[in-house]
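Me: I would like to take a close look at a single part of this protein. Please describe the annotated binding site and the surroundings of its residues.

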Amino acid sequence: MIVDTLIHARWIIPVEPESVTLEHHTLVIDGGRIVDLLPTGLARQKYQGLATENLENHALLPGLINCHTHAAMTLMRGIADDLHLMDWLQNHIWPLEQKWMSEAFVRDGTDLAIAEMIRGGTTCFNDMYFYPEVTAAQAIQHGIRAIVGLIVIDFPTVWASNTAEYIEKGLALHDQLRHQSLISAAFAPHAPYTVSDEALQKIRTLADELELPVHMHLHETLHEVEEAQKQNGRRPLQRLHELGLINPSFLGVHMTQLSGDEISLFAHTGAHIVHCPESNLKLASGFCPVAKCLAAGINVALGTDGPASNNDLDMFGEMRTAALLGKAVAGDASAVPAMTALRMATINGARALGLDNEIGSLSIGKSADVIAIDLSCLETQPLYCPVSQIVYAASRQQVTDLWVAGRCLLKQRQLTTINTADLKLKVAEWQQRLAS
Ligand SMILES: CSC[C@H]1O[C@@H](n2cnc3c(O)ncnc32)[C@H](O)[C@@H]1O
Ligand SMILES: [Zn+2]
């Protein structure tokens, strides 16, 4: 039988079923989907690929899913380091955004982010930033999967001047994206301290009607929770729950402050947590009690946050940090094992975004969002367990090839849809402007 692509691989880690590592197997792709997964000997008898890859030193995995980004903030990477969240945001990042935000900023910053993400094994990102229509256009142009945030924030910006305009523009974008197979939208109210009850009520109604996820920073720091308690006598999570937002469509980003009751609330409502360990460490925001959340049955996904608070979009780094920090916070070396960290970066992300029928594992019928990692280099030898090497020892530079819906976006470490020389020139121009 003739199919689009055959990938013969030394190892295949499908993620579902959990803890399975297949050796000398072949992934069969046709029409952008995984149509078979079988021993290589059989695959050679049964299929002929229009394209064939022989990856003798590689592990194939589902593409990584970054569940919280501000992609275009790549252009501010390293511009304001070593600060606490509110100082960083109010005295550095927001003034820079006020001065420089434009469609061109988001276009070039997002291109840089997409190039970095593809080279690092990310096939899908869930974004929250200005000009989401530009983020969507760049993702479409470069072939990566994205969920763009229909942002709402209670102050005027160059993108919209009031809540009604944010929502109106967001709905228009959602409508425009209806026929896109790789791009969809989520509501993205910024945070409890920047969005009013009225706006959140409206968002909840629309999200229910349109069946869209709601993606929001929540309980990022102790300061956020204490200020809310002083101002309205409730913790932000309680306020959002009373507004009806905490449900299976809700992604709470950060969640470093969680009482036992709040963990139970998340577990019972089916809301998801997006853990961003490196941003939390760098901004000294606090620690999400990941092991307790997982034990309670909460779906915990992973995100990098923006590249101005991390300072990269490296999901390999994020998996490793999540595993290490999870153990330290739990005081238990068996907490957040390697396979759990890998699931957080794949199937848990897909579940949080409501896309687990489509992506998150190498399962027959799902979209062919796939990455290949070369495990033959010295740094990942000897190799007792591929999952251990991938989470604890490998780096993103070992990602050699990447496909989204069967389309190859990275071939032997070369981007197939982005001109890196042009991109570097544009980024250098932004550096000069922002530094001036
Ligand atoms: C409304 S667009 C998104 C908005 O969020 C800002 N931002 C980036 N990182 C964080 C963070 O960790 N917590 C809160 N807000 C953040 C970004 O600069 C944009 O203004
Ligand atoms: Zn963020």
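Reply: A strand is here a DSSP run of type E with at least two residues, and strands are numbered from the N terminus. In this predicted model, His217 is found in strand 9, which covers residues 214-218. His68, in turn, lies in strand 5, made up of residues 64-69.

Both residues belong to the site in question. According to the UniProt annotation "binding site", from an unreviewed entry, the positions covered are His68, His70, His217 and Asp305. These residues span 238 residues in sequence, yet no two of their C-alpha atoms are more than 11.8 Å apart, so they gather at one spot. Among them, His70, His217 and Asp305 are included in the lining of the largest cavity.

Next comes the question of exposure. Residues under 20% relative accessible area are called buried. His68 therefore counts as buried, since its relative accessibility is 0%. His217 has a relative accessible area of 5%, so His217 is buried as well.

The contacts of the two histidines complete the picture. The side chains of His217 and His68 make a polar contact at 3.0 Å. Leaving aside neighbours within four places in sequence, His217 is in contact with residues including His68, His70 and Asp305 of the annotated site, and also with Met128, Pro189, His190, Ala191, Pro192, Val253 and His254. With residues up to four places away in sequence not counted, His68 touches His217 and Asp305, and further partners including Asn126, Met128, His215, Val253, His254 and Cys276.

How values were computed: Residues numbered from 1 in each chain as written. Chains lettered and ligands numbered in written order. Predicted model: local features only at pLDDT ≥ 70, side-chain atom pairs only at ≥ 80, totals over all residues. Heavy atoms only, no water. UniProt positions renumbered as here; feature names shortened; annotations may be inferred. 1 Å grid on protein atoms, 1.4 Å probe; cavity = no way out; pocket = protein on both sides within 12 Å on 5 of 7 lines; lining within 4 Å. Helix = DSSP H or I, 4+ residues; strand = E, 2+ residues; numbered from the N terminus. Buried < 20%, exposed > 50% of the residue type's maximum accessible area, 1.4 Å probe, protein only. Contact = heavy atoms within 4.5 Å. Polar contact = N/O pair within 3.5 Å; in protein donor to acceptor, adjacent residues only side chain to side chain.
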